[in-house]
There are 2 protein chains.
Amino acid sequence: MKYSKATNYALHTMLNLAMSNSSKPIGVQTLAEQQNVSPTYLSKILTKLVKEGMVSSVSGANGGYSLTKGWESISFLDIIFAIEGKSSLFECGLDHGPHCQIQKVMLESEEKMEEELRRQTLAGLVQTSK
Amino acid sequence: MKYSKATNYALHTMLNLAMSNSSKPIGVQTLAEQQNVSPTYLSKILTKLVKEGMVSSVSGANGGYSLTKGWESISFLDIIFAIEGKSSLFECGLDHGPHCQIQKVMLESEEKMEEELRRQTLAGLVQTSK
DNA sequence: ACATTATAGAGTCTTATAGTCTTTGATTAA
DNA sequence: TTAATCAAAGACTATAAGACTCTATAATGT
Ligand code: SF4
Ligand code: SF4
């Protein structure tokens, strides 16, 4: 069980966008160079972030990607969910009702991690990264 | 990113062993029936648990598996680590030193989950499951 | 000896991840 | 209005991981 590389790329890209804070959008070409990843692949990842409303894109010359308003409060969890999906890490298939302790423990522990990931915002990341 | 089915089997098997608490070992055949999984596959999972010292096995007629002494304090995390391995969920490959905030956040959040999984023991599970 | 049961390894099947290539569509600058 | 520039979408391929299966071997009790 590992985070996908796509999640890694997404986190770094969001940090890059947040740091550069230029008014003009940044092209996928540039973003890709900073992480040794192919532009076409990164663009698929960026499209997911756009669909979640964290990033806005503009086509055409001088186009590219930029963070949307309110980016400061985007959390790690938001980014991770955008890429990995929102479903639980533990799924047994069956459902033996509310007395199932296994599920309870697994889900609660996962929730602890998510709480922390929700607490950490892009703004906080930028703050400590520069 | 999901837990593997093997982890699921391992957790259920450990619970089954803990609940049945018979003095005689239980064969993989029996353990497999309780979860609709093939005996040969479950045996591979059990072998991992044996190697971690949580379960002891005896070959031959009337053989099978049983929990080792001190099973009460085995945690969810112990079981999960035995199957999934102990490496971190987030690995970026590179290492940009201690000022890397991305890694810091990811690892700390993971640690929160593990704390909780460490707190939950087999004994506690049995207690609330019967 | 013989039946029973765990262990080990190779081998298969399926699914998910990671990535490429190509086409289309939007936008801007000339 | 045309050409260049960029994102979006989809089909496609490749690699790796997960989820098994099969067979052979070793240990143990009767
Ligand atoms: S006991 Fe709980 S974890 Fe196990 S199969 Fe039933 S619902 Fe799922
Ligand atoms: S910045 Fe941190 S997470 Fe990113 S590659 Fe460097 S060490 Fe890894």
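## Asn16 of chain A

In this predicted model, the side chain of Asn16(A) forms a polar contact of 2.9 Å with the side chain of Gln34(A). Asn16(A) belongs to helix α1 of chain A. Leaving aside residues up to four places away in sequence, Asn16(A) touches Leu31(A), Gln34(A) and Gln35(A). Gln34(A) is thus named twice for Asn16(A), as one of the residues it touches and as its partner in the polar contact.

## Fold of chain A

Chain A contains six helices and two strands. In sequence order these elements follow the pattern α-α-α-β-β-α-α-α. The C-alpha trace of chain A extends over about 60 × 30 × 25 Å along its principal axes.

## Helix packing in chain A

Two packed helices are described by the angle between their axes and the distance between the axes. For α1(A) and helix α6 of chain A, which covers residues 122-129, the packing angle is about 70° and the axes are 10 Å apart. Angles of 65 to 115 degrees count as roughly perpendicular, and α1(A) and α6(A) are therefore roughly perpendicular to each other. The crossing in which α1(A) passes α6(A) is right-handed. On the α1(A) side the contact is made by Met14(A), Leu15(A), Ala18(A) and Met19(A), which meet Leu122(A), Leu125(A), Val126(A) and Ser129(A) of α6(A). Sorted by class, this contact of α1(A) with α6(A) comprises seven nonpolar residues, one polar residue and no charged residues.

A second pair in chain A is formed by α3(A) and helix α4, residues 76-84, with an angle of about 120° and axes 9 Å apart. The crossing of α3(A) and α4(A) is likewise described as right-handed. Here Ile45(A), Lys48(A) and Leu49(A) from α3(A) meet Ile79(A), Ala82(A) and Ile83(A) from α4(A). The contact of α3(A) with α4(A) has five nonpolar residues, one charged residue and no polar residues.

## Surroundings of DNA strand C

DNA strand C is surrounded by 27 residues, of which the closest are Ser4(A), Lys5(A) and Ser38(A) from chain A and Ser57(B) and Tyr65(B) from chain B. Sugar or phosphate accounts for 73% of the strand C atoms within 4 Å of the protein, and bases supply the rest. The residues of the surface near strand C divide into nine nonpolar, 14 polar and four charged.

Individual contacts involve the base, phosphate and sugar or linking parts of the strand. A backbone N or O atom of Ala61(A) is 3.5 Å from a base oxygen of DNA strand C. In chain B, an N or O atom in the side chain of Thr47(B) lies 3.4 Å from a phosphate oxygen of strand C, and a polar side-chain atom of Ser59(B) is 3.5 Å from a sugar or linking oxygen of that strand. The elements giving two or more residues to the surface near strand C are α1 (5-20) and α3 (39-51) of chain A, together with α3 (39-51), β1 (55-58) and β2 (64-67) of chain B. The most is given by α3(B), with four residues.

## Surroundings of DNA strand D

Around DNA strand D there are 24 residues, the closest being Val28(A), Ser57(A) and Tyr65(A) from chain A and Lys5(B) and Ser38(B) from chain B. Of the strand D atoms within 4 Å of the protein, 75% belong to sugar or phosphate and the rest to bases. By class, the surface near strand D has nine nonpolar, eleven polar and four charged residues.

Several residues of chain B have polar atoms beside phosphate oxygens of strand D. A polar backbone atom of Lys5(B) is 3.0 Å from one such oxygen. For the side chains, the distance from a polar atom to a phosphate oxygen of strand D is 3.1 Å at Tyr9(B) and 3.4 Å at Asn62(B). At least two residues of the surface near strand D are supplied by each of α3, β1 (55-58) and β2 (64-67) of chain A and α1 (5-20) and α3 of chain B.

## Ligand 2

Ligand 2 is situated between chains A and B. The residues around ligand 2 are His12(A) from chain A and Cys92(B), Leu94(B), Asp95(B), His96(B), Cys100(B), Ile102(B) and Gln103(B) from chain B. This shell consists of four nonpolar residues, three polar residues and one charged residue.

Key:
Residues numbered from 1 in each chain as written. Chains lettered and ligands numbered in written order. Predicted model: local features only at pLDDT ≥ 70, side-chain atom pairs only at ≥ 80, totals over all residues. Heavy atoms only, no water. Near = heavy atom within 4 Å. Nonpolar A, V, L, I, M, F, W, Y, C, P; charged D, E, K, R; others polar. Polar contact = N/O pair within 3.5 Å; in protein donor to acceptor, adjacent residues only side chain to side chain. Axes fitted to C-alpha atoms, helices over the stretch in contact; angles between N-to-C directions. Parallel < 35°, antiparallel > 145°, perpendicular 65-115°, else oblique. Left-handed = near helix turned anticlockwise from the far one by under 90°. Contact = heavy atoms within 4.5 Å.
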